[in-house]
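Me: I would like to go through this structure in short questions and answers. Please keep to what can be read from the sequence and the atoms.

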Amino acid sequence: MPEGILCNKTPIKTDEQLKLVLSDSRGTKYYAEMLELEVDSDALWALIQKTMKSRTKTWFEICAHCGLCANSCFLYQVNGRIPQQVPSYKIQSTLGEIVKKKGKVTNEFMRHCMDVAWSQCTCCNRCGMYCPHGIDMGVMFGYLRGLLYSQGFVPWELKIGSGMHRVYRAQMDVTTEDWVETCEWMAEETEEEWPGLEIPVDKQNADIMYTCNAREPKHYPEDVAEAAILFHVAGENWTVPSEGWEQTSLSMFAGDWECCKDNVQNVYDAIERLNPKRATGTECGHAHRATVIEGPYWTGRPDGLPPVPYIHYVEWLAEALRTGKLKIDPAKRIKEPVTLQDSCNYVRNQGLKDVTREIISYIVEPGYFVEMSPTKEHNYCCGGGGGFNGIGMYREQRNVALRTKMDQILDTGCKLVIAPCHNCWDAIRDLEEEYEIGIRWSFLKPLIIGMLDVPEHMLPKDEE
Amino acid sequence: MYDFLTGPMLWLTFAVSFGGLLVRIVLYIKGLNQQLDRVAYRAHMGYGLKGAFNSIISFLNPVGARLWRIRPGFALMFFVFHIGIVITPIFLIAHNVMLQENLGFSLPALPTCVADILTWAAVVAGLLLTLRRVAFPEVRILTTGYDYLMMVITLAPFVTGLLARYGVGDYQFWLTAHIITGEIWLLSLPFTKLSHVVLFFMSRAQLGMDYGIKRGGMKGSSMSW
């Protein structure tokens, strides 16, 4: 049987197909069908010839097989330093073999590649920093994921994830109406405490447009409210688009390149339509990576930049604190040892290492901030990046992977971890659940709201 | 034989080797693709070149990258090996005498004892790097016969050079062997993994441009390798 009903080479494009695949609990039937999925070697090889150029070819050719990448990989370290976890080995024994064999590989081999690409690499890009030749195996794994997706060899959750993006243009089934309603609901509810607060939808020519993660309207609407509170207090002229509000990209994790482009184009269209001066997104790493860092290339923008300056939420926060738009009550600053999780997707991949520390300098009493080791662009992945958090089949491997972050946190002696990234936040929550080391973790928004020095005219009347 | 090897054959070797390496550079650059690599090379050349420079310099400096600082033992072997095999052939007095005779100019020559030390050190470092391949599982799993062949091709001119220099056995034989192995080494450069003599710079520059443009450089954040 070349193609399954659930597991096949065709992306999920309709709600019916989406519901059908979703109804297959844990992907049992999906993975059973995958055992029979035929590899279209000609198509695979044609795709490679079209997309694999001198950078990747050279990376394969000049790899000196020195093994220095081994220790750079947290998955190598945390899995008993078995040689099969050496990044160079992982990519050469998968993508390298597919290329060597000109795409003529078996179903079994493709399934092996899928396991390696999604459970032995989080695309954190750390190995690229420790290779003398500058070979970035995270980039290569991202590429391999695309090849595997094109042949239907993708974990069930990510097939669904990119299907969600294709059908709903959001990673979850949140429609435009749902989103706008959530904004109205949150504005109404929050306005009681913050008189005058609004969540302006589709406002033209605002100073800043805000985009978020579908999880927020779906499961954590208070996050949208928190963003609104901070924009409100800062006196920001802001807006959210009714269409193109979803910034995340499970399609990037899945390797669904076509869908990646569509997601980002949708956000850029909102920018073109509403004409804001700038844009910012929520405290998410991969969403920023997708929409701001990689997105311009997917959509073919020649300058590699989004249509307007698109900053990460931490940059907006740092700016608001720096310029005094948001003021922190010194008495409410954090007075306990606290550490910070550097997200790979905007620290290693966009250098935003000093901005988060600037925020720390405003909100943490001097002397209480403890750096993880290693830190900044050398920091380790949270353990759940690249989609790892969300794949049931690799839960066990993911839980092992969390141990690196656990040890780093334990070494700081802190009980509070600031994690301005959805994936990192999830991973740290899960590591506490799994290993019970007695820590708390938080995004920046709620922390900052709790320590704001609010101008008097903004306070609710009964508190005045 | 000697005249042929140090005459036409040598010129041919130089032409193929250096010409070939030049072709490799050109092909590498031509094969870069802004959209597939996701780096806007052209649009932000200034940031890119700054990033490329930072990336190359950090790894040419034995304490410039965190990688070298946390692996001092490997860094020592690596630099001793590469400095020895690059510097010695270029500045060896015997080579420069030939250069003077044939082209009428020569480069400053290394004192013989320095050349001896560099060569010995490079050979020892090369052997230690090879030993790593056997000793450590994380290197063993990556190693293929090709890697050993590359080391043999690279070290052969140095070992035969030392044997000729110390007059072990038949000087003429070792000298001829030295020239032949040296030419094989040079001829291998463009066609094998040894192309990293130029592609190292290309690949480092490419990742440096990636960081210099997309991954932080344009945010004013300098990558600390």
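**Backbone, interface and salt bridges**

Me: In which loop of chain A does A:His65 lie?
Reply: This is a predicted model, in which local features need pLDDT of at least 70, side-chain atom pairs count only at pLDDT 80 or more, and totals for chains, interfaces and linings use all residues. Residues are numbered from 1 along each chain as its sequence is written, chains are lettered from A and ligands numbered from 1 in the order written, and side-chain values use heavy atoms, with hydrogens and water left out. Helices (DSSP runs of H or I, at least four residues) and strands (runs of E, at least two) are numbered from the N terminus. A:His65 lies in the loop between helix 4 (54–62) and helix 5 (74–78) of chain A.

Me: What is the phi of A:His65?
Reply: Most residues other than glycine have a negative phi. A:His65 is not a glycine, yet its phi is positive, at about 55°.

Me: Why does A:His65 count as buried?
Reply: Buried means under 20% relative accessible area, exposed over 50%, and partly exposed in between (1.4 Å probe, protein chains only). A:His65 counts as buried because its relative accessibility is 6%.

Me: Which residue of chain B has a positive phi near 55°?
Reply: The residue lies in the loop between helix 3 (34–37) and helix 4 (45–60) of chain B. At 23% relative accessibility, this residue counts as partly exposed. The residue with the positive phi near 55°, again not a glycine, is B:Arg38.

Me: Which residue does a cis peptide bond join to A:Ser373?
Reply: Most peptide bonds are trans. In this bond omega is about -10°. The partner is found in the loop between helix 18 (353–363) and helix 19 (395–412) of chain A. The residue joined to A:Ser373 is A:Pro374.

Me: What area do chain A and chain B bury between them?
Reply: The contact (heavy atoms within 4.5 Å) takes 56 residues from chain A and 55 residues from chain B. Buried area is the accessible area (1.4 Å probe) that two parts lose on being put together, summed over both. Carbon and sulfur atoms carry 55% of the total, which is about 4,500 Å².

Me: Which three residues supply 17% of the area that chain A buries against chain B?
Reply: No other three residues supply more of that area. The group includes a residue already met for its positive phi of about 55°. The three are A:Arg55, A:His65 and A:Tyr297.

Me: With which residue of chain B does A:Glu294 form a salt bridge?
Reply: A salt bridge is a side-chain nitrogen of Lys or Arg within 4 Å of a carboxyl oxygen of Asp or Glu. The count between chain A and chain B is six. In the pair asked about, the closest N and O atoms are 2.6 Å apart, and the partner of A:Glu294 is B:Arg38.

Me: Which element gives the largest share of the side of chain A that touches chain B?
Reply: Helix 3 (41–51), helix 4, helix 6 (87–100), helix 15 (285–298) and strand 4 (310–311) of chain A each supply at least two residues of that side. The largest share is six residues, from helix 4 of chain A.

Me: How many residues apart are A:Arg273 and A:Asp202?
Reply: Their side chains meet in a salt bridge, at 3.5 Å from N to O. A:Arg273 is in helix 14 (residues 257–274) of chain A, and A:Asp202 is in the loop between helix 10 (176–191) and strand 1 (208–211), so the pair links distant parts of the chain. A:Arg273 is partly exposed at 37%, as is A:Asp202 at 28%. Their separation is 71 residues.

Me: Which residue forms a salt bridge with A:Arg440?
Reply: The closest N and O atoms of the pair are 2.7 Å apart. A:Arg440 is in strand 7 (residues 440–442) of chain A, and the partner, 104 residues away, is in the loop between helix 16 (313–322) and strand 5 (338–340). The partner is A:Glu336.

Me: In which helix do A:Lys29 and A:Glu33 both lie?
Reply: Their side chains meet in a salt bridge of 3.9 Å, N to O. A:Lys29 is partly exposed, at 43% relative accessibility, whereas A:Glu33 is buried, at 8%. The two are four residues apart, about one turn, in helix 2 (residues 28–34) of chain A.
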